[in-house]
Structure formats: structure tokens, C-alpha cells
Amino acid sequence: MLADKEVMATISVSDIARAKVFYGETLGLRQSGSEGEQVVSYNSGNATLLIYQSSFAGSNKATAATWTVAGELADIVQALKARGVAFEHYTMPGLTLEGDIHIGDHMKLAWFKDPDGNILNIVGT
């Protein structure tokens with residue numbers, strides 16, 4: 001029923017104006033044109049990221065969105081750090097930490113949070 005339909009990540013934030021600075025300027029996402037007082041959407045590759053204002057912002061303690069970036073992970077981590085993004089460090093079985101990048105058997109990962117504490121992830125190879 002839904003297997004051939006598009007899906008989007010949806011993230012709640014407490015302040016749309018602050019979120020627009022983070023997602024649009026810091027992360028460099030392109031606004032898709034859909035915007036209201038309490039919602040804004042961004043294009044990211046072929047996907048859409050919907051940001052909306054909610055009193056439940058930042059209450060998710062798991063990863064809310066993941067970007068796959070192949071071999072560009074280290075460069076993207078450095079670029080985001082230069083824009084003030086702080087990376088999270090986790091202790092997980094099978095992963096070792098090198099700088100801000102977690103390394104496993106066949107992938108490399110980096111986690112960071114938006115201003116509301118929503119956990120975001122970048123995965124490379």
C-alpha cells in the first residue's frame with residue numbers, strides 16, 4: 001500500500017525562526033517553498049524534511065533524521081564544525097570513535113543535535 005509512496009522526515013521544533021537558521025543556513029538545506037507561521041519544509045536530495053513548531057520539540061531521544069553521504073563524511077563533519085555544530089559521542093558495541101566520527105565494519109557515522117536537541121545523523125562509507 002505505501003511501499004511505492006514518498007516518505008519524509010518530520011521534526012518538531014520550539015522556534016521556527018531559530019530552526020530556519022539552523023536547517024537553512026547551518027546545514028545548507030534548500031527551502032522547498034512550503035512555509036507557514038509554524039511549518040517550513042526543505043529539500044534534501046530527493047527527499048523532504050518537514051520542520052514544524054510543537055510544544056513536544058526535542059522530546060525524541062532517538063535519531064530523528066539520517067543523511068547518507070558516502071565518502072564525504074569527514075569533509076561534511078569539518079564543514080559543520082566550522083559552522084558551530086557540536087557532535088555527539090556515543091559508546092556503542094562494534095563502533096570506535098575517531099575524532100567526531102564513529103567507525104564500524106562497513107560504515108562511518110556522526111551524530112549531532114539541532115537547537116531543540118533533536119538527534120540528527122550522517123552516515124558515510
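**Figure 1. Surroundings of Trp67 in the predicted model.** Beyond its neighbours within four places in sequence, Trp67 is in contact with nine listed partners: Leu27, Leu29, Ser44, Leu49, Phe112, Leu120, Asn121, Ile122 and Val123. Trp67 also belongs to the largest nonpolar core, where it is among the residues with the most contacts.

**Figure 2. The largest nonpolar core.** This core has 25 residues. Those with the most contacts inside it are Tyr23, Leu27, Leu49, Ile51, Trp67, Phe112 and Leu120. At least two core residues come from each of the following elements: helices H1 (16–26) and H2 (73–82), and strands S1 (9–13), S3 (39–44), S4 (47–53), S5 (63–70), S9 (108–113) and S10 (119–124). Helix H1 gives the largest share, 4 residues.

**Figure 3. The largest pocket and its lining.** The volume of this pocket is about 280 Å³. Its lining is formed by 14 residues, and Leu27, Leu29, Trp67, Val69 and Ile76 lie nearest the centre. Two or more lining residues are supplied by each of S5 and H2. By residue type, the lining consists of 9 nonpolar, 4 polar and 1 charged.

**Figure 4. Tyr90 and its contacts.** Tyr90 is located in the loop that lies between strand S6 (87–88) and strand S7 (96–98). Because its relative accessibility is 28%, which falls between the limits of 20% for buried and 50% for exposed, Tyr90 is classed as partly exposed. Setting aside residues up to four places away in sequence, Tyr90 touches His102, Trp111, Lys113 and Ile119. Tyr42 is 48 residues from Tyr90 along the chain, and the C-alpha atoms of the two residues are separated by 28 Å.

How values were computed:
Residues are numbered from 1 along each chain as its sequence is written. This is a predicted model: local features need pLDDT of at least 70, side-chain atom pairs count only at pLDDT 80 or more; totals for chains, interfaces and linings use all residues. Side-chain values use heavy atoms; hydrogens and water are left out. A nonpolar core is a set of buried Ala, Val, Leu, Ile, Met, Phe, Trp, Tyr and Cys residues joined through side-chain atoms within 4.5 Å. Buried means under 20% relative accessible area, exposed over 50%, partly exposed in between (1.4 Å probe, protein chains only). Contact means heavy atoms within 4.5 Å. On a 1 Å grid over the protein atoms alone, a cavity is a set of points where a 1.4 Å probe fits but cannot get out, and a pocket is an open set with protein on both sides within 12 Å along at least five of seven lines; lining residues have an atom within 4 Å of a point. Grid points are joined across faces, edges and corners, and a volume is the space filled by probe spheres set on the points. Ala, Val, Leu, Ile, Met, Phe, Trp, Tyr, Cys and Pro count as nonpolar, Asp, Glu, Lys and Arg as charged, and the others, Gly among them, as polar.
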